[in-house]
Amino acid sequence: MIQPDFKTYIIKTPELFESLKTYAAKVESDILAYDVETNGTFEKTCHLYGFGLAFNEHKAFYNSCRYADGAKCWPVEIEQKIKYWFEK
């Protein structure tokens, strides 16, 4: 059941992504829940369409990576920053 004070943040600008990074660095939690959205089930051939993150039961973040037509949402340089952040 979704909590009444639950909030979802949609990451759709580089500034919002920077805010997510800042929040993630400061949050004190033993929880990290994540989900990925793809266009297939085989990791070698599918494309990432988006991902969600939650560090507690009150806030979740969703970052869209592709539009419904398959076109990428982010310029290459921002996409690389997002990828680097996850690989750290």
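Buried means under 20% relative accessible area, exposed means over 50%, and partly exposed is what lies in between. Keep that in mind as you click around this model, which is a predicted one.

**Stop one: Lys72 and Glu79.** Start by selecting Lys72. Its relative accessibility is 44%, so it counts as partly exposed. Now add Glu79 to the selection: the two form a salt bridge, and their closest N and O atoms sit 3.2 Å apart. Glu79 has 28% relative accessibility, so this residue is partly exposed too.

**Stop two: Glu18 and Lys21.** How many salt bridges are there to find? The count comes to two. For another one, select Glu18 and Lys21, where the closest N and O atoms are 3.4 Å apart. Both residues belong to helix α1, and they are three residues apart, or about one turn of the helix. Glu18 comes out as partly exposed because its relative accessibility is 34%. Lys21 is partly exposed as well, with a relative accessible area of 25%.

**Stop three: the helix pair.** While you're on α1, color the whole of it, residues 14-26, and then do the same for α2, residues 76-87. Two packed helices are described by the angle between their axes and the distance between the axes. At what angle do α1 and α2 pack? The angle is about 10°, and the axes are 11 Å apart. Angles under 35 degrees count as roughly parallel, so that is the label for α1 and α2. Try turning the view until one helix sits in front of the other: the crossing of α1 and α2 is left-handed.

**Stop four: a nonpolar patch.** Switch to a surface view and select Leu32, Tyr34, Val36 and Leu48. Together these form a nonpolar patch on the surface, with about 430 Å² of accessible area between them. Pick out Leu48 from that group and you'll be in strand β3, which covers residues 48-54. Is Leu48 buried, exposed or partly exposed? Its relative accessibility is 36%, so Leu48 counts as partly exposed.

**Last stop: Asn56.** Move along to Asn56, in the loop between β3 and β4, the latter being residues 59-64. Asn56 has 21% relative accessibility, so it counts as partly exposed; the cut-off for buried is under 20%. Now select Ala33 as well and draw a distance between the C-alpha atoms. Asn56 and Ala33 are 23 residues apart along the chain, and their C-alpha atoms are separated by 8.2 Å.

Note on methods:
Residues numbered from 1 in each chain as written. Predicted model: local features only at pLDDT ≥ 70, side-chain atom pairs only at ≥ 80, totals over all residues. Heavy atoms only, no water. Patch = residues over 30% accessible without salt bridge, like charges linked within 9 Å, V, L, I, M, F, W, Y side chains within 5 Å. Areas by Shrake-Rupley, 256 points an atom, 1.4 Å probe, with all protein chains shown as cover. Salt bridge = Lys/Arg side-chain N within 4 Å of Asp/Glu carboxyl O. Helix = DSSP H or I, 4+ residues; strand = E, 2+ residues; numbered from the N terminus. Buried < 20%, exposed > 50% of the residue type's maximum accessible area, 1.4 Å probe, protein only. Axes fitted to C-alpha atoms, helices over the stretch in contact; angles between N-to-C directions. Parallel < 35°, antiparallel > 145°, perpendicular 65-115°, else oblique. Left-handed = near helix turned anticlockwise from the far one by under 90°.
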